[in-house]
Amino acid sequence: MNKVTPAKPAGTRNVDEITGSRRLRRMRKADWSRRLVRETRLTVDDLIWPIFIVEGNDLRVPIDAMSGVFRLSVDQAVREAERAAGLGIPAIATFPNVELSLRDQTGSNILDPDNVINKATRAIKEAVPEIGIITDAALDPFTSHGHDGILREGIIVNDETVEQVAAAAVLQAAAGSDIIAPSDMMDGRIGAIRDALDANGFQDVAIMSYATKFASAFYGPYRDAIGTAGLLKGDKKTYYLDHANTDEAIREAEQDLAEGADMLMVKPGLPYLDIIRRLKDEFAIPTFAYQVSGEYAMIKAAAANGWIDGDKAMLESLLAFKRAGCDGILTYFAPQVAEMLKA
Ligand code: PBG
């Protein structure tokens, strides 16, 4: 039988006529050539590990929606910080689950120098001085209503909240925090925190601004982890950014930099890669993303069902942040990734 070559439709060109001599697949033909031309890489130096802290001793309380993540008592947090430092992870970020009896209308427990977050910072600093500690100065874990600000007659009052956040930042710095990362999105908080830190001798404590924190559905599992899910009424749309906006994100970042932010953060992460790229191109300063609880939970849940390869999806999602322009990523996957990168 004769082999039949299908006839090209009249007037069409062959591939060489279309591409000239350029064939982009040449550099993809083998692992060695792909490695040679690879533009971005993920390393352990890119990782910041968020951990949850509770009062108590020897506690590791699992979080339902975040398989593999625990609320840790301070002693356990110290052990995990030691593990992280051993893996080469540069910094951890701590978030408290505060006892309900200590939460009130104004989040006053944030001003206790011995609250669970400050205790954790002191203990970690003493045991593992080589790891960076990032603390959040937002009120939501401390308020009885789960909002990031002081609530008066249905309104989150800006300036009073800022005063409290700035005072909390000074206490966190005194406990040993290296970077204050306020996640509340009140106007003027960066400048107020910078002034308060400087006035108290903490010139070397940096500020990572959650400059562009969007009102998002992806925070769900986190609210379960810190125990605000059942408390929060309404939403955070009067202070977090509208997730339809990108010019407004630029104005937020510009403002925070003018007030003294050392680094910027975009949150959530993966659905906001366009914002990361815009900020990096516009300001060329250290830029971070927070791969939030919902993003973590989605990868974990799909992997647990056998629907995706969890490890590959994790690495692909983290590399995407680097490609978009991030200098680093806050991710609950940090120790898992660090182990994999070491292997
Ligand atoms: C609030 C805060 C949030 C997260 C960290 N601090 C969002 C919220 O509860 O509204 C989310 C982190 C995550 O989802 O992993 N200040």
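**Figure 1. Met-185 sits in the loop between strand 8 (179–180) and helix 6 (189–199).** This view, like the others here, comes from a predicted model. The phi angle of Met-185 is near 65°, and that is a positive value in a residue other than glycine. Is Met-185 buried or exposed? Its relative accessibility is 4%, and buried means under 20%, so Met-185 counts as buried.

**Figure 2. Ala-284 is another loop residue with a positive phi, found between helix 9 and strand 11 (287–291).** Here phi is near 50°, and once again the residue is not a glycine. What about its surroundings? Ala-284 has a relative accessible area of 59%, and the cut-off for exposed is over 50%, so this residue is exposed. Keep Figure 1 beside this one: Met-185 is buried, whereas Ala-284 is exposed.

**Figure 3. A cis peptide bond links Lys-267 to Pro-268.** Look for the bond between these two residues, where omega is about -10°. Pro-268 belongs to the loop that runs between strand 10 (263–267) and helix 9. Lys-267 can also serve as a landmark for distance: from Leu-87 to Lys-267 there are 180 residues in sequence, and their C-alpha atoms are 25 Å apart in space.

**Figure 4. Helix 8 (residues 247–259) packs with helix 9 (residues 273–283).** Two packed helices are described by the angle between their axes and the distance between the axes. For helix 8 and helix 9, the angle is about 45° and the axes are 10 Å apart. The two helices are therefore oblique to each other. Helix 8 passes helix 9 in a right-handed crossing. Which residues of helix 8 and helix 9 meet? Helix 8 brings Asp-247, Ala-249, Ile-250, Ala-253, Glu-254 and Leu-257, and helix 9 brings Ile-275, Arg-278, Leu-279, Glu-282 and Phe-283. Sorted by class, this contact has seven nonpolar residues, four charged ones and no polar ones.

**Figure 5. Helix 3 (residues 74–87) packs with helix 4 (residues 116–127).** The axes of helix 3 and helix 4 lie 9 Å apart, and the angle is about 40°. Helix 3 and helix 4 are therefore oblique to each other, and helix 3 passes helix 4 in a right-handed crossing. From helix 3, the contact uses Val-74, Ala-77, Val-78, Ala-81 and Glu-82. Helix 4 answers with Val-116, Lys-119, Ala-120, Ala-123, Ile-124 and Ala-127. By class, the residues of this contact are nine nonpolar and two charged, with no polar residue.

**Figure 6. Leu-87 is a buried residue of helix 3.** Its relative accessibility is 9%, so Leu-87 falls under the 20% cut-off and counts as buried. What does Leu-87 touch, leaving out residues up to four places away in sequence? The list is Val-44, Pro-335, Ala-338, Glu-339 and Lys-342.

**Figure 7. Asn-109 lies in the loop between strand 4 (91–96) and helix 4.** At 10% relative accessibility, Asn-109 counts as buried. Setting aside residues up to four places away in sequence, Asn-109 touches Val-98, Leu-102, Asn-115 and Phe-142.

**Figure 8. Asp-64 is an exposed residue in the loop between strand 2 (60–62) and strand 3 (70–73).** Its relative accessibility is 76%, so Asp-64 is over the 50% cut-off and counts as exposed. For a sense of distance, find Pro-96: Asp-64 and Pro-96 are 32 residues apart in sequence, and their C-alpha atoms are 17 Å apart in space.

**Figure 9. Phe-52 belongs to the largest nonpolar core.** In soluble globular proteins, nonpolar side chains tend to be buried together. The largest core here has 84 residues, and Phe-52 and Met-208 touch the most other members. Which residues does Phe-52 contact beyond its neighbours within four places in sequence? They are Ile-63, Met-66, Val-69, Phe-70, Arg-71, Leu-72, Phe-95, Tyr-222, Ala-225, Ile-226 and Tyr-332. There is also a second, separate core of 20 residues, with Ile-110, Ala-169, Ile-180 and Leu-197 among them.

**Figure 10. The close-ups fit into a protein with twelve helices and twelve strands.** The C-alpha trace spans about 85 × 40 × 40 Å along its principal axes. Of the 343 residues, 51% are buried. Among contacts between residues at least 6 apart in sequence, 75% join residues at least 24 apart.

Key. Residues numbered from 1 in each chain as written. Predicted model: local features only at pLDDT ≥ 70, side-chain atom pairs only at ≥ 80, totals over all residues. Heavy atoms only, no water. Core = buried A, V, L, I, M, F, W, Y, C linked by side-chain atoms within 4.5 Å. Buried < 20%, exposed > 50% of the residue type's maximum accessible area, 1.4 Å probe, protein only. Contact = heavy atoms within 4.5 Å. Axes fitted to C-alpha atoms, helices over the stretch in contact; angles between N-to-C directions. Helix = DSSP H or I, 4+ residues; strand = E, 2+ residues; numbered from the N terminus. Parallel < 35°, antiparallel > 145°, perpendicular 65-115°, else oblique. Left-handed = near helix turned anticlockwise from the far one by under 90°. Nonpolar A, V, L, I, M, F, W, Y, C, P; charged D, E, K, R; others polar.
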